[in-house]
Amino acid sequence: MKFTNVCKLSDLPDDEGLKVVEGNTAVAVFKVNGEVFATQDRCSHAKWSLSEGGYLEGDVIVCSLHMGKFCARTGEVKMAPPWKPLEKYPVRVDGDDVYVAFEDGYFEEQEANAQGASKR
Ligand code: FES
């Protein structure tokens, strides 16, 4: 897995994401209570940038275009209109350096009976 140094931990705002790009892949990096998570930058609903047009409510990413919500930890949909989860990206933090594996995006397995999980 190839990790790319994308920013400093101290570069990450507390209540919104930071957009980082490698090639054609745009990723939004979020800091939640000292933990770092990375998701696709484009909302799965209508491709709005979650880093530039979204914000955090705790560990929930709110998309400001239609107020869809996603879990920053898992990418799962917390509130419609989106129904597709966000692609996640592996993150590594080494001291103050944040790394993302841009080529290893994945969809986290959703529990079939998870409470509050959105289904189509
Ligand atoms: S574009 Fe994000 S909720 Fe519609």
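## Close-up views of a predicted model

**View 1. Asp97, a buried acidic neighbour of Lys8.** Asp97 has a relative accessibility of 18%, so it counts as buried; the cut-off for that label is under 20%. Keep in mind as you look around that this is a predicted model. You'll find Asp97 in strand 11, which covers residues 97-100. Which side chain does Asp97 meet in a polar contact of 2.7 Å? That partner is Lys8, and the contact runs from side chain to side chain. Lys8 isn't alone here: leaving out residues up to four places away in sequence, Asp97 also touches Asn5, Cys7 and Arg92.

**View 2. The stretch that carries a Rieske annotation.** According to an unreviewed UniProt entry, the domain called "Rieske" covers residues 4-100. Have a look at where this span starts and stops: the C-alpha atoms at its two ends lie 5 Å apart. How much of the span is helix, and how much is strand? Helix makes up 0% of it, and strand makes up 49%.

**View 3. An open sheet and its edges.** Here 4 strands sit side by side in the order 2-3-4-9, and their pairing is antiparallel. The sheet is an open one. Which strands are at its edges? They are strand 2 (18-22) and strand 9 (88-89), each of which pairs on one side only.

**View 4. The hairpin of strands 2 and 3.** Zoom in on strand 2 and its partner strand 3 (residues 25-32): 5 bridges join the two, and they run antiparallel. You can follow the pairing residue by residue. Lys19 stands opposite Ala28 of strand 3, and Val21 stands opposite Ala26 of that strand. How many residues lie between the two strands of the hairpin? There are 2, and Gly23 takes a positive phi near 60° in this hairpin.

**View 5. Two nonpolar cores.** The largest nonpolar core has 13 residues. Which of its members touch the most other members? Those are Phe30, Leu50, Leu56, Ile61 and Phe70. Two elements, strand 3 and strand 6 (60-63), each give two or more residues to this core. Strand 3 gives the most, with 3 residues. Then there's a second, separate core of 11 residues, with Val20, Val27, Val100 and Phe102 among its members.

**View 6. Lys69 and its neighbours.** Lys69 belongs to strand 7, which spans residues 69-71. Its side chain makes a polar contact of 3.4 Å with the side chain of Glu57. Quite a list of residues touches Lys69 once those up to four places away in sequence are set aside. Glu57, Val60, Ile61 and Val62 are on that list, and so are Glu76, Val77, Lys78 and Met79.

**View 7. Cysteines without a disulfide.** A disulfide is a covalent bond between the sulfur atoms of two cysteines. How many disulfides does the count come to here? The count is 0. Why is Cys7 not in one? Its sulfur is 20 Å from the closest cysteine sulfur, which belongs to Cys71, and that is too far for a bond. The cut-off used for a disulfide is sulfur atoms within 2.5 Å. Cys71 is in no disulfide either, and the cysteine sulfur nearest to its own, that of Cys43, is 15 Å away. Are these two residues buried or exposed? Cys7 is buried, at 8% relative accessibility, and Cys71 is buried too, with a relative accessible area of 6%.

**View 8. A cis bond at Pro81.** The peptide bond that runs from Ala80 to Pro81 is cis, and its omega is near 20°. Where is Pro81? Look for it in the loop between strand 8 (77-79) and strand 9.

**View 9. Positive phi at Lys47 and Met67.** Lys47 isn't a glycine, yet its phi is positive, near 65°. The loop holding Lys47 lies between strand 4 (35-40) and strand 5 (54-57). With a relative accessibility of 61%, Lys47 counts as exposed, since the label applies over 50%. Met67 is not a glycine either, and its phi is positive at about 65°. Where does Met67 sit? You'll find it in the loop between strand 6 and strand 7. Met67 has 38% relative accessibility, so it counts as partly exposed.

Notes. Residues are numbered from 1 along each chain as its sequence is written. This is a predicted model: local features need pLDDT of at least 70, side-chain atom pairs count only at pLDDT 80 or more; totals for chains, interfaces and linings use all residues. Side-chain values use heavy atoms; hydrogens and water are left out. UniProt positions are given in the numbering used here, feature names are shortened, and annotations may be inferred rather than shown by experiment. Two strands pair if DSSP finds at least two bridges between them. A nonpolar core is a set of buried Ala, Val, Leu, Ile, Met, Phe, Trp, Tyr and Cys residues joined through side-chain atoms within 4.5 Å. Buried means under 20% relative accessible area, exposed over 50%, partly exposed in between (1.4 Å probe, protein chains only). A polar contact is a pair of N or O atoms within 3.5 Å; within protein, one must be able to donate a hydrogen and the other to accept it, and residues adjacent in sequence count only if both atoms are side-chain atoms. Contact means heavy atoms within 4.5 Å.
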